[in-house]
Amino acid sequence: MSIDIEVLMELYRDMSLVRAFELGLEREFKRGAVPGMLHIGVGQEATQAALAAHLRADDAFFPDHRCHGLNALAEEKHGGEGRRIMAELFGRATGVSGGKGGSLHSANPAVGNFGDNAIEGSFMVTVLGVALAWKMRGEPRVACCVIGDGTVGRGEFHESLNMAKIWQLPVLYACVNNGYAISTPVAASHASGDIVDMARGYGFPCKQVDGNDIEVAYAAVQEAVAHIRAGNGPYFLEFKTWRWQGIFSGEFRPAEEVRYWKEDHDPLKLARQALSARGVTGADLDRVDAEVKADVESWIQFSKDSPMPEAAKAVADVYVGWEVKPR
Ligand SMILES: Cc1ncc(C[n+]2csc(CCOP(=O)(O)OP(=O)(O)O)c2C)c(N)n1
Ligand SMILES: [Mg+2]
């Protein structure tokens with residue numbers, strides 16, 4: 001299996017953009033420019049790029065707390081603006097949710113982003129409603145939810161997979177197994193060991209793939225999405241990956257593990273190797289990195305230059321069609 005070099009280059013650009021976005025965001029967060037909590041997705045760029053490559057604007061995805069990159073890519077690919085995801089994280093009025101959503105409560109359905117929320121995994125049941133609507137209308141659309149390895153410990157995981165299978169709903173479960181929930185290793189919380197084995201009992205296609213190899217991740221999402229769009233019901237993908245950052249600062253993982261994932265199995269390094277094997281030079285790839293970095297810096301500047309939301313609009317948009325009057 002080998003994907004076209006043009007596609008691979010675009011995926012590399014997308015991954016590089018995600019990394020630049022996250023590193024720029026983290027830098028500004030540490031300077032105090034970004035309010036609230038932040039969960040950085042560095043190390044998980046391949047899964048985000050693979051999902052973004054196959055989800056269309058009229059699909060839906062529920063991103064998790066490390067999906068800033070997927071959110072920005074969806075904007076860029078579907079007529080939105082990646083810089084409005086950055087501005088949202090800065091809490092500015094130009095953000096996709098007017099600066100009131102931040103990392104966890106922002107959304108933009110126009111590009112397929114149905115939003116996260118602070119209760120891990122609760123959208124595993126919400127996604128069923130979206131998928132059911134599309135199935136009832138006979139529309140070949142995909143409803144995707146991105147869930148971490150810790151999140152699959154929620155009861156909703158089983159409720160969701162069960163109903164998705166019984167009703168043959170068009171749901172893509174994208175499980176990003178980065179090895180830890182906060183600082184708890186997968187083996188300490190899930191008896192099955194592999195998450196994919198927890199899903200298999202529900203009787204629909206489930207696959208575990210290397211989430212850091214972009215060619216593998218891209219092909220896996222392609223197959224899953226084709227299965228779902230053809231009306232064959234749900235699909236479960238477990239991406240084995242690793243996050244560079246935890247929930248808090250400080251490293252708690254063994255040095256050899258950190259070295260392996262950052263040095264030997266970094267998704268961007270692997271993609272660079274694959275591209276150089278096909279004749280792309282390091283200089284070409286450095287140019288891509290520089291271009292996306294410049295884009296991200298301009299997005300950060302745009303965010304800093306944008307106004308804060310108006311206080312008078314603090315309770316606007318709380319309910320659809322019903323204005324809440326500030327007291
Ligand atoms: C229901 C619920 N319980 C606990 C939390 C606090 N919390 C936030 S992130 C997180 C860990 C999630 O781990 P995982 O799903 O593996 O995602 P990762 O952070 O590793 O990407 C927890 C426990 C929460 N947000 N919601
Ligand atoms: Mg995790």
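These are my notebook entries on what I looked up in this structure, from the strands outward to the loops and the ligand.

**Ground rules**

I am working from a predicted model, so I kept to its limits: local features need pLDDT of at least 70, side-chain atom pairs count only at pLDDT 80 or more, and totals for chains, interfaces and linings use all residues. Residues are numbered from 1 along each chain as its sequence is written, while chains are lettered from A and ligands numbered from 1 in the order in which they are written. Helices (H or I, at least four residues) and strands (E, at least two) are DSSP runs, numbered from the N terminus.

**Strand β3**

I began with β3 (residues 171–177) and asked how many of its residues are buried, a residue being buried if 20 or more other C-beta atoms lie within 10 Å of its own, exposed if 12 or fewer, and partly exposed in between, with C-beta atoms placed from the backbone. Seven of the seven are, so the strand is largely enclosed by the rest of the structure. I checked the two directions in turn: Val171, Tyr173, Cys175 and Asn177 point one way, Leu172, Ala174 and Val176 point the other way, and all are buried.

I then looked up the partners of β3, taking two strands as paired if DSSP finds at least two bridges between them. Strand β2 (residues 143–148) runs parallel to β3 and is joined to it by six bridges, with Ala143 having Val171 as its bridge partner. Between these two strands the chain passes through helix α6 (residues 155–166), and this β-α-β crossover is right-handed (with the strands pointing away from the viewer, the path from the first strand over the helix to the second runs clockwise). β3 is also joined to β7 by six bridges, again in parallel; I noted Ala174 opposite Leu237 and Asn177 opposite Lys240.

**Strand β7 and its other partner**

I next asked which residues lie on each face of β7 and whether they are buried or exposed. Tyr235, Leu237 and Phe239 are on one side, Phe236, Glu238 and Lys240 are on the other, and all are buried. Strand β6 (residues 206–210) pairs with β7 (residues 235–240) in the parallel sense over five bridges, and Lys207 stands opposite Leu237. Helix α9 (residues 214–229) completes a right-handed β-α-β unit with these two strands.

**Core**

Leu237 kept returning in my notes, so I looked up its contacts (two residues whose C-beta atoms, placed from the backbone, lie within 7 Å). Not counting residues up to four places away in sequence, Leu237 touches Tyr173, Ala174, Cys175, Lys207, Val209, Ala220, Val221 and Ala224. A nonpolar core is a set of buried Ala, Val, Leu, Ile, Met, Phe, Trp, Tyr and Cys residues joined through C-beta atoms within 7 Å. The largest has 83 residues, and Cys144, Ala174 and Leu237 have the most contacts inside it.

**Ligand 1**

Which residues are closest to ligand 1? Among the 16 residues that surround it (C-beta atom, placed from the backbone, within 6 Å), the closest are Glu120, Gly148, Gly150, Thr151 and Ala181. I sorted this shell into six nonpolar, six polar and four charged residues, where Ala, Val, Leu, Ile, Met, Phe, Trp, Tyr, Cys and Pro count as nonpolar, Asp, Glu, Lys and Arg as charged, and the others, Gly among them, as polar.

**Loops and the segment after α12**

Ile119, in the loop between α4 (83–89) and α5 (123–137), is exposed, with 11 other C-beta atoms within 10 Å. Its C-alpha atom is separated by 9.5 Å from that of Thr151, 32 residues apart along the chain.

Met308 lies in the segment after α12 (282–305) and counts as exposed because it has 10 C-beta neighbours inside 10 Å. Leaving aside neighbours within four places in sequence, Met308 is in contact with Gly91, Arg92, Ala93 and Gly99.

I finally turned to backbone angles, since most residues other than glycine have a negative phi. Gln168, in the loop between α6 and β3, has a positive phi near 50° and is partly exposed, with 14 other C-beta atoms within 10 Å. Asp317 has a positive phi near 70° and is partly exposed, with 13 such atoms.
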